[in-house]
Amino acid sequence: MTSAGSEVDPHIARLHGNGRLRVWSLIITFFGDAVALRGGRVALSTLQAAMGLLDIEPGAVRTAMSRLAGEGWVEREREGRLSFYKLTDQGHSAFDEPTRRIYAGAAPDWDGEWTVAIEAHDTSNRLSEHGFVALGGKAWLRVGDDKGGLPDDLLVISGKGCDLPEPLLSLWKLDEHAAHYTAFITNWQAFSAPENLSPGEAMAARTLLLHDWRRIVLRDPGLPDALLPADWIGDKARNLAGQTYRSLLQGSENWLNDNGLPVETDLKAMQQRFNVLRNIAN
């Protein structure tokens, strides 16, 4: 629980006021942000303590972990009467690309390459999960020429072309994404004085910040600067996310140290979060 009158309280209230709370999704945020660089294994009691900072009951955490284990994201280990959870190989694979996008410091570089994929059969929206937008019929379009991870039943064509007609740019629904970024800025720009927060409050704020950011940025198509409007609001939102995240690190890391997680195993990865890494893949 956070202390009465904490600056984090409005964000916790907003979390619980946005309809049915998906506890499993919040735990995924915590796992990817706080657990992954500290050995990737965490006690159930620590998860319950972290979620308790957000007014989530222990029973809801147990139910969420059972779901994640059943879906192959995590596996449980027992040590006496204690339960621990760690990511499965499937869970690690699913984390890799989202992690790069969440903590990227800027839009990726782009050499003008596009990828067109044509399906033999109608398979619904499976290609949207790979960053494609539908062109109509069975044709899909994506920025970049990385073919890794695509289904093997596609005709895939790559080529260059930097002049994108305005009607085609509308396929990415940038107005909708801009609205999400604007809401993020509205919610977090007034957050101040993190040095006055307790370690628990800093941990709660860090989790909520990343949860908000993760849900927005993973829906964003991740277009390069060359295809984005001037003064793109997403850049302002990313800068705010990075600044706020860094301001919460010391307090939140102290909370993790005090609640049984091992020290960071990848300091370089932590230092790179929200830095401007121009080689991040789209």
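## Ser6 and the start of the chain

In this predicted model, a polar atom of the Ser6 side chain lies 3.0 Å from the backbone nitrogen of Val8. Ser6 itself belongs to the segment that comes before helix H1, which spans 9-17. With a relative accessibility of 8%, Ser6 counts as buried, because that value falls under the 20% cut-off. When neighbours within four places in sequence are set aside, the residues in contact with Ser6 are Leu197 and Glu201.

## His11 in helix H1

Helix H1 contains His11, and the relative accessible area of this histidine is 7%, so His11 is buried. Not counting residues up to four places away in sequence, His11 touches Asn187, Trp188, Phe191 and Leu208. Of the helices named elsewhere in this report, H7 covers 174-188 and H8 covers 199-217, which gives the reader a frame for locating these partners along the chain.

## Helix H2 and the loop that follows

Helix H2 is mostly covered, with 12 of its 13 residues buried. Among these buried residues are the aromatic side chains of Phe30 and Phe31, the aliphatic residues Leu26, Ile27 and Ile28, and also Ser25, Thr29 and Asp33.

Leu37 sits in the loop that links helix H2 (23-35) to strand S1 (41-43). Is Leu37 buried or exposed? At 12% relative accessibility, Leu37 counts as buried, because the value is under 20%. Leu37 and Val263 are 226 residues apart along the chain, yet their C-alpha atoms are separated by 8.4 Å. Val263 is also one of the residues that Leu37 touches, and the others, leaving out residues up to four places away in sequence, are Glu264, Thr265, Asp266, Ala269, Met270 and Arg273.

## Two loop residues with positive phi

Lys173 is not a glycine, although its phi is positive, at about 50°. This lysine is placed in the loop between helix H6 (166-169) and helix H7 (174-188).

Asp231, which is likewise not a glycine, has a positive phi of about 55°. The loop that holds Asp231 runs between helix H8 (199-217) and helix H9 (233-258). The relative accessible area of Asp231 is 78%, and Asp231 is therefore exposed, since the cut-off for that class is over 50%.

## The chain as a whole

The secondary structure of the chain consists of 10 helices and seven strands. For 282 residues, a compact globule would be expected to have a radius of gyration near 19 Å, and the 20 Å computed for the chain therefore agrees with that expectation. Taken along the principal axes, the box filled by the C-alpha atoms is roughly 55 × 40 × 35 Å. Buried residues account for 46% of the 282 residues, and Ser6, His11 and Leu37 are included in that class. Where contacts join residues at least 6 apart in sequence, 76% of them link residues at least 24 apart, and the contact of Leu37 with Val263 involves residues that are 226 apart along the chain.

The chain has an accessible surface of about 14,300 Å², and carbon and sulfur atoms contribute 51% of this area. Its side chains include 29 that are positive and 37 that are negative, with the centres of the two sets lying 5 Å apart.

Conventions:
Residues are numbered from 1 along each chain as its sequence is written. This is a predicted model: local features need pLDDT of at least 70, side-chain atom pairs count only at pLDDT 80 or more; totals for chains, interfaces and linings use all residues. Side-chain values use heavy atoms; hydrogens and water are left out. Helices (H or I, at least four residues) and strands (E, at least two) are DSSP runs, numbered from the N terminus. The radius of gyration is taken over C-alpha atoms; the globule rule is 2.2 Å times the number of residues to the power 0.38. Buried means under 20% relative accessible area, exposed over 50%, partly exposed in between (1.4 Å probe, protein chains only). Contact means heavy atoms within 4.5 Å. Accessible areas come from the Shrake-Rupley method with a 1.4 Å probe; for residues, only the protein chains shown count as cover. Lys and Arg count as positive and Asp and Glu as negative; His and the chain ends are not counted. The place of a charge is taken as NZ of Lys, CZ of Arg, CG of Asp or CD of Glu. A polar contact is a pair of N or O atoms within 3.5 Å; within protein, one must be able to donate a hydrogen and the other to accept it, and residues adjacent in sequence count only if both atoms are side-chain atoms.
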